[in-house]
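The following exercises are to be worked through with the sequence and the predicted model side by side. Each one sets a task and then gives a solution in steps.

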Amino acid sequence: MRLVVQRVASAEVEVEGRRVAAIERGFLVLLGAERGDGSATAEAAARKVAGLRVFEDDRGHMNLGLSDVGGAILAVSQFTLAADLSRGRRPGFEKALPGPDARPIYDHFCAALELAGFRVERGVFGEAMRVSLVNDGPATFVVDIPGASPAGS
């Protein structure tokens with residue numbers, strides 16, 4: 001699984017011109033589920049996001065976590081994070097999980113964060129979305145969480 005975690009002052013998602021989710025201070029998390037990912041991968045990713053200490057303390061050091069600053073999470077599924085750009089100019093998506101397999105992993109990731117006490121807003125899985133954000137810093141982090149190998153590999 002690949003995550004892009006952006007520390008934001010605000011973020012929102014629109015679908016067909018209608019705002020469907022929004023947060024103020026917190027994380028915009030783009031999640032790309034890959035073959036081999038499962039519920040254990042989703043839980044590991046949620047623990048990683050929940051534990052990140054990337055907000056500045058009063059001395060200007062990245063030392064505070066999301067719960068320390070009362071932040072929220074906007075989670076957006078984004079299969080293009082699993083793209084292979086190593087050949088040619090068109091991306092290959094062989095590593096990406098198909099939608100029916102990726103959705104439960106995305107839902108499990110969001111539910112694990114909610115269970116940990118965070119407010120989680122969600123994009124609309126499988127829809128074309130417009131994602132807007134005000135990146136705070138800017139501070140953007142790429143997190144790779146290894147999944148299990150697919151059967152037969």
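**Exercise 1.** Determine which element gives the largest share of the lining of the largest pocket, and describe that lining by residue class.

*Solution.* Begin with strand 3, from which the largest share of the lining comes, namely three residues. Next, place this strand among the elements that give two or more residues to the lining, which are strand 3 (26-32), strand 6 (72-77) and helix 2 (99-115). The lining has 19 residues, and those nearest the centre of the pocket are Ser 77, Gln 78, Phe 79, Gly 126 and Met 129. Sorted by class, the lining residues are twelve nonpolar, six polar and one charged. The space in this pocket comes to about 300 Å³.

**Exercise 2.** Compare the span of helix 2 with the value expected at 1.5 Å a residue, and establish where its buried residues lie around the axis.

*Solution.* First, the 17 residues of helix 2 should span 24 Å, and this agrees with its end C-alpha atoms, which are 24 Å apart. Second, taking buried to mean under 20% relative accessible area, one finds Ala 102, Ile 105, Tyr 106, Phe 109, Cys 110 and Leu 113 to be the buried residues of helix 2. Because these residues cover an arc of only 135° around the axis, they lie on the same side of helix 2, whereas Pro 100 and Leu 115 are exposed on the other side. Third, the packing partners of the buried residues are strand 3, helix 1 (39-51), strand 6 and strand 7 (120-122). Finally, just after helix 2, Gly 117 adopts a positive phi of about 100°.

Key: Residues numbered from 1 in each chain as written. Predicted model: local features only at pLDDT ≥ 70, side-chain atom pairs only at ≥ 80, totals over all residues. Heavy atoms only, no water. 1 Å grid on protein atoms, 1.4 Å probe; cavity = no way out; pocket = protein on both sides within 12 Å on 5 of 7 lines; lining within 4 Å. Points joined across faces, edges and corners; volume = space filled by probe spheres on them. Helix = DSSP H or I, 4+ residues; strand = E, 2+ residues; numbered from the N terminus. Nonpolar A, V, L, I, M, F, W, Y, C, P; charged D, E, K, R; others polar. Expected span 1.5 Å × (residues − 1). Buried < 20%, exposed > 50% of the residue type's maximum accessible area, 1.4 Å probe, protein only. Arc of directions from axis to C-beta. Contact = heavy atoms within 4.5 Å.
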